Amino acid sequence: MKKAVSVLLTAALAATCFVGCGDSSGNSGTDDNGGSSVNSGSDANAANDNDGGSTADGLAFKIGGIGPTTGDAAIYGSAVMNAAQIAVDEINAAGGINGYQIDYKFEDDQSDAEKSINAYNSLKDWGMQILMGTVTTTPCVAVVDKTLEDGMFQITPSASSTDVIGGGNVFQACFTDPNQGTASAQYIVDHSLATKVAIIYDSSSVYSSGIEATFVQEAEAKGLEIVAEEAFTADSKTDFSTQLQKAQSAGADLVFLPIYYAEASIILTQANSMGYEPTFFGVDGMDGILGVENFDTSLAEGVMLLTPFAADAQDDLTKAFVSTYQEKYGDIPNQFAADAYDAIYTIKAVVEAANATPDMSVSELGTALSGAMTQISVDGLTGEGMTWQESGEVSKAPKAVVIKDGAYTAM
Amino acid sequence: MAKSTKKLIKKTTANQLITLGMVVAVYIVVQIMIAAGVMSSLMQGLLVPMCTYSIVAIGLNLCVGYLGELSIGHAGFMCVGAFSGAFCTKLLAGTISNHVVLFLAALLVGTAMAALSGFLVGIPVLRLRGDYLAIVTLAFGEIIKNIINVLYIAKDTDGFHFAISDGNSIRLSEEGVWLINGAKGITKIPHLSSFTAGVILILLFLIVVYNLVNSRSGRAIMAIRDNRIAAESVGINITKFKLMAFTISAAIAGAGGVLYAHNLSTVTATPANFGYNMSIMILVFVVLGGIGSFRGSIIAAVLLTLLPEVLRGLSDYRMLIYSIVLIAVMLFNWAPKCIEFRQKVMARLKKNAGKEEA
């Protein structure tokens, strides 16, 4: 009996300890979100910590973000969370939007539709007025339904499916999947990179199969020969030797990989061990491959990818962004980070264009911003003169990047 | 003797009525809270998922607690229900405008399809002795997910288009719509689920399982669970009753799936929502709530759906806390020392109450 009591007490102690840790780190997490400005030393931001004490009337735009910060796609969610934080800090330091500061909060959805709805509702309880999210496509389709109901203005940094847009209140900062597929095929043909192409894609992923479908259509139209179309699923993504062997025996000199970097790194390793050396061509999901743990980055030499952002581009905006990001979070930002940074600045631009104020209701703000969205043009990290159509699709020029000497280099 | 039996029956009936009453009471309280505007959006958003998981847990409890067979593929039946239900809705949405009728149709189709798949899986497996059902249901759950991921069905002016794995072969005309689009699953499902519908379904299935368990068939099912040979020797058709319980269990899971699909505007067959982990999660609801106790299943499903969301404030640490809480609850429920401790406390409370009465 005594033993049981002591065990119970120890457990209680341990639990409070964990709760304590969780709490403090949770707070520091929100501090990161609310104003890591303390580090940057700008007092305008520090004031923002106390929920908008910085403006005369105490009002602030409440921008929420949703994305996976845990789980398989955590690297994207974290990148978006961090980059948006940088943009928010910069804007707040420069005096905010129309003189109002931004309150920013990011919630985890583990890239699951149901959890994403929970995250959205939780942000709504917090008082969110504008949504920057969600990061991944499937949850986004579910959340779009809710923002449409509430009339909330939403801009997604990276949910690229066409199923996301069309509601009138949802805009994308990234290319749509069909766009990526078409652009990739076009790029390969225009630069005559290959004659025989093999594709390895994830048939259980919306993103991957979406790009694959349009790539095939465009390739057929352009006369590009597809010799192998090999699929894998989320359950079988550890061994790709069969798919690679088929591509090799079909004589493909280019392998198109419309997949995420985690699987791509395995494919590159396995192709290397079987002595198969085609050109590998990826899309924006490939971005991040140099950050994979225990991956020999020399294998990624010569891999091409179509992405709107290259971290070593020489323009001032990119340089400043990359150095701030590195200073604060320790790694080189990927394209998701860049899209998120642009998304926040797009929100700034559209709020200014619509002359909106934080005291407007969510749906008033939604109507005003959606109306102004087609009239603005934003110069950002991922493109110059980005404009939006009424459907929500962005128009900007894709850039191709090649991995050279362990870094992404613009082509 | 006769008197005590009578009393016993009354006790179980009373117990069942308490469970039903609890559900109704919670429903009324929630409705009042919503009307008073004191319920947060997060909680309101969680109501339907709570109902969904409660329903599936009820279904699985019938299988695990009364049939005595382990199924780790109930997410697979949920998946069948979700997809066939949503498919039906997409198909009929143009012709039926009444939401209640539309949802009922989806519910019927989803439940029937899940029952059918449960029946088909059960035919070969339930004839065997041993834990084969666990293995086969596990495989079934994975297979269903993969089949749906390669299934392409579309409709346009030329009629229906079908394709397996090669979605690119379907060229749709302008006004064509995708019904199931491979990995993209079914999108733009009308939002038909509601808390009221969920609670009605919970009540309905509780009544169904309570009646089943206390019927002649239910006693036969439990007899098979307790001693197969003895049951066989008194002439009980083992396969028939096993199939019956398992099919009903799968059907209930399917109904849960229909509710799930119509709560989100999109349903995809990913490992996160219909995979192995989800099946285990449902099993956890059943085990934590107490095997054989439907009330426990509902309470466990509600609490465990709520827990990670309530812990949101802890940011990334919440999954850690969540698992610690799981272990703590498991120990509290099942550790012999804990049971002893609880009994002692209960005895002392009763004693005190008795003294006061005296």
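How many residues of chain A are in contact with chain B? The count is 41 residues of chain A, in contact with 41 residues of chain B. The model is predicted.

**The chain A side of the interface**

Four helices of chain A each supply at least two residues of the side that touches chain B. The table gives their bounds.

| Helix of chain A | Residues |
|---|---|
| Helix 1 | 2–35 |
| Helix 5 | 113–126 |
| Helix 6 | 137–150 |
| Helix 8 | 206–222 |

Helix 1 of chain A gives the most to this side, with 11 residues. By class, the side of chain A that touches chain B has 15 nonpolar, 17 polar and nine charged residues.

**Helix 12 of chain A**

Helix 12 of chain A covers residues 335–354. Is this helix enclosed or open? Of its 20 residues, 18 are buried, so helix 12 of chain A is largely enclosed by the rest of the structure. Its length also fits expectation. At 1.5 Å a residue, the 20 residues of helix 12 should span 28 Å, and the end C-alpha atoms are 28 Å apart, which agrees. A:Asn355 follows helix 12 of chain A. The phi of A:Asn355 is positive, near 55 degrees.

**Chain B as a whole**

Chain B has 14 helices and three strands. Along its principal axes, the C-alpha trace of chain B spans about 80 × 60 × 40 Å. What radius of gyration would a compact globule with 358 residues have? The value would be near 21 Å; chain B has 22 Å, which agrees.

Burial and contact order add to the picture. Buried residues make up 43% of the 358 residues in chain B. Take the contacts in chain B between residues at least 6 apart in sequence: 76% of them join residues at least 24 apart.

**Domains of chain B**

Where do the domains of chain B lie in the sequence? Domain 1 of chain B runs over 1–39, and domain 2 of chain B over 49–279. The C-alpha centres of domain 1 and domain 2 of chain B lie 27 Å apart. The contact between these domains takes seven residues from domain 1 of chain B and seven residues from domain 2 of chain B. On the domain 1 side of this contact in chain B, four residues are nonpolar and three are polar, with no charged residues.

Note on methods: Residues numbered from 1 in each chain as written. Chains lettered and ligands numbered in written order. Predicted model: local features only at pLDDT ≥ 70, side-chain atom pairs only at ≥ 80, totals over all residues. Domains from an automatic or database assignment. Contact = placed C-beta atoms within 7 Å. Nonpolar A, V, L, I, M, F, W, Y, C, P; charged D, E, K, R; others polar. Rg over C-alpha atoms; globule rule 2.2 N^0.38 Å. Buried ≥ 20, exposed ≤ 12 C-beta atoms within 10 Å, placed from the backbone. Expected span 1.5 Å × (residues − 1).
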